[in-house]
Amino acid sequence: MFRQVECMSRDATGLVTLRRALQRPQEMAGFSGQQWDHVIRLARAGDLSARLGFLAQRDGVWDQIPEAPRKYLESALRVADRQQRELGYEIQEIELALRSLNIPVVLLKGAAYVAADLDAAQGRVVSDVDVLVPKAALPEVEAALMLGGWASSARSDYDERYYRTWMHELPPMQHIQRGTVLDVHHAIMPVSARIHPSSALLLSEARPLQPGSCLHVLAPIDMVLHSATHLMHEGSFEQGMRGLIDLDALLREHGSAPDFWSHLVARASALQLTRPLFYALRYVGMMLGTVVPQDVMAEVDQAPGGRPGGWRLKWMDAMFSRVLCPPHPLVADRWTPLARGFLYLRGHWLRMPPGLLTVHLLRKLWVSPSQGA
């Protein structure tokens with residue numbers, strides 16, 4: 001139902017080839033040397049190399065890939081596998097630190113995909129861990145994590161005030177021995193944002209990883225909505241295409257459930273997330289060919305706050321089509337810096353009121369990174 005679009009680039013052939021590899025992995029068997037050169041460059045820029053390796057192995061074309069790109073994909077798979085094994089150990093340590101509190105600890109994003117063994121985890125690189133906990137439990141959660149070896153990595157008093165007053169999370173916590181980073185959220189959008197999805201609603205539907213475990217993951221629909229919101233409210237899009245790949249995998253896996261599509265838009269409305277859902281479904285369909293039922297798109301189009309009107313949607317199409325691609329000169333044109341700058345400002349605008357936004361951006365401009373901002 002969607003017409004696929006190219007990134008507005010000097011040379012879209014590399015992107016077309018990359019999407020062929022992601023959508024129809026068996027076609028990798030016939031790629032030329034130049035096609036592989038473009039694919040590897042773009043995949044590396046977009047953190048998609050291990051995903052390509054997984055797809056090639058899954059679809060039985062691994063041995064038909066030329067030696068040089070196959071070795072590169074094999075190396076990427078080993079890195080992703082190591083990261084996921086380390087993540088598994090980190091998740092065990094988090095559960096050990098927090099299980100006595102008798103509260104739900106909801107893993108988010110990559111940690112959730114890996115812990116729940118979802119298709120989105122296959123070939124996905126991961127770094128830090130994100131969790132969602134009830135806001136009332138933040139003091140005891142922070143205290144328990146500090147006893148377990150995590151400490152705030154805030155670099156200034158401003159950072160501390162900024163996170164604790166305006167944001168939806170504590171300042172990032174880093175383990176003093178392992179150096180791993182943990183983001184503890186009490187919501188999926190900042191306190192200062194224009195929309196406020198109910199954390200209570202999300203927590204009420206979260207599902208335990210195992211019976212008796214304090215670790216949970218979001219319900220399938222909520223997992224899709226969080227992924228959509230995180231991507232569409234982002235200010236930096238270096239991993240924008242990876243975000244689309246996550247969404248595509250989640251929609252394909254969870255969309256097979258009989259009640260998924262029929263409840264998706266209503267749940268988005270209840271959580272004030274119809275606009276990010278609209279954009280997510282639109283661009284995952286346009287850029288990756290993900291099949292979204294026509295009645296679902298019609299429903300989200302007509303939902304309050306869903307489809308933006310007229311020129312506004314055309315402008316957003318022009319902006320997002322340039323940033324939801326790997327950040328590489330092969331798929332950039334003279335307008336790409338404008339698109340990245342505009343969406344960077346938009347992401348902050350959606351998170352903060354004008355006064356706070358002005359102060360925050362001025363501080364980021366004037367304060368050196370070593371001092372924190």
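Student: How do the residues lining the second largest cavity divide into nonpolar, polar and charged?

Tutor: In this predicted model, the lining of that cavity divides into six nonpolar residues, one polar and one charged. The lining consists of Leu 107, Leu 108, Lys 109, Ala 112, Tyr 113, Leu 218, Met 223 and His 226. Lys counts as charged, while Leu, Ala, Tyr and Met count as nonpolar; His is not named in either class and therefore counts as polar.

Student: What makes this space a cavity, and how much space lies in it?

Tutor: The term cavity applies because a 1.4 Å probe fits at its points but cannot get out. About 30 Å³ of space lies in the second largest cavity. A search of the whole structure with a threshold of 30 Å³ or more finds two cavities.

Student: Which elements supply at least two residues each of the lining of the second largest cavity?

Tutor: They are β1, α5 (109–115) and α9 (220–232). Helix α5 gives the largest share, with three residues.

Student: What is the volume of the largest cavity, and which residues line it?

Tutor: Its volume is about 70 Å³. Among the lining residues are Asp 47, Arg 51, Arg 124, Arg 242 and Asp 246. Asp and Arg count as charged, so these residues belong to the charged class. By class, the lining of the largest cavity has five nonpolar, two polar and five charged residues. Its largest share, four residues, comes from helix α10 (residues 240–254).

Student: Why is the space of about 410 Å³ called a pocket?

Tutor: A pocket is an open set of points with protein on both sides within 12 Å along at least five of seven lines, and the term therefore applies to an open space. The volume of about 410 Å³ belongs to the second largest pocket. Of the 18 residues lining this pocket, Arg 275, Tyr 279, Arg 312, Arg 346 and Leu 350 are the closest to its centre. Helices α12 (274–288), α14 (310–323) and α15 (336–351) each contribute at least two residues to the lining. By class, this lining has 10 nonpolar, four polar and four charged residues.

Student: In what order do the seven strands form the sheet, and what makes certain strands edge strands?

Tutor: The order is β3-β4-β5-β2-β1-β7-β6, in an open sheet with mixed pairing. Strands β3 (150–152) and β6 (207–208) are edge strands in that each pairs on one side only.

Student: How do you know that β2 and β5 pair, and in which sense?

Tutor: Strand β2 (residues 129–132) and β5 are joined over four bridges in the parallel sense. Pairing needs at least two bridges, so the criterion is met. Leu 132 stands opposite His 185 in β5.

Student: How many bridges do β4 and β5 pair over?

Tutor: Strand β4 (residues 173–175) and β5 pair over two bridges in the antiparallel sense. At least two are needed, so this pairing also qualifies. Leu 182 in β5 is the bridge partner of Met 173. The hairpin of these strands has five residues between them, and Gly 179 takes a positive phi near 75° there.

Student: How many bridges join β1 to β7?

Tutor: Strand β1 (residues 105–108) and strand β7 (residues 215–217) run parallel and are joined by three bridges. The bridge partner of Leu 107 is Val 217 in β7. Leu 107 also belongs to the lining of the second largest cavity.

Student: Why is strand β5 described as largely enclosed by the rest of the structure?

Tutor: A residue is buried if its relative accessible area is under 20%. Four of the five residues of β5 (residues 181–185) are buried, so the strand is largely enclosed by the rest of the structure.

Notes: Residues are numbered from 1 along each chain as its sequence is written. This is a predicted model: local features need pLDDT of at least 70, side-chain atom pairs count only at pLDDT 80 or more; totals for chains, interfaces and linings use all residues. Side-chain values use heavy atoms; hydrogens and water are left out. Buried means under 20% relative accessible area, exposed over 50%, partly exposed in between (1.4 Å probe, protein chains only). On a 1 Å grid over the protein atoms alone, a cavity is a set of points where a 1.4 Å probe fits but cannot get out, and a pocket is an open set with protein on both sides within 12 Å along at least five of seven lines; lining residues have an atom within 4 Å of a point. Grid points are joined across faces, edges and corners, and a volume is the space filled by probe spheres set on the points.
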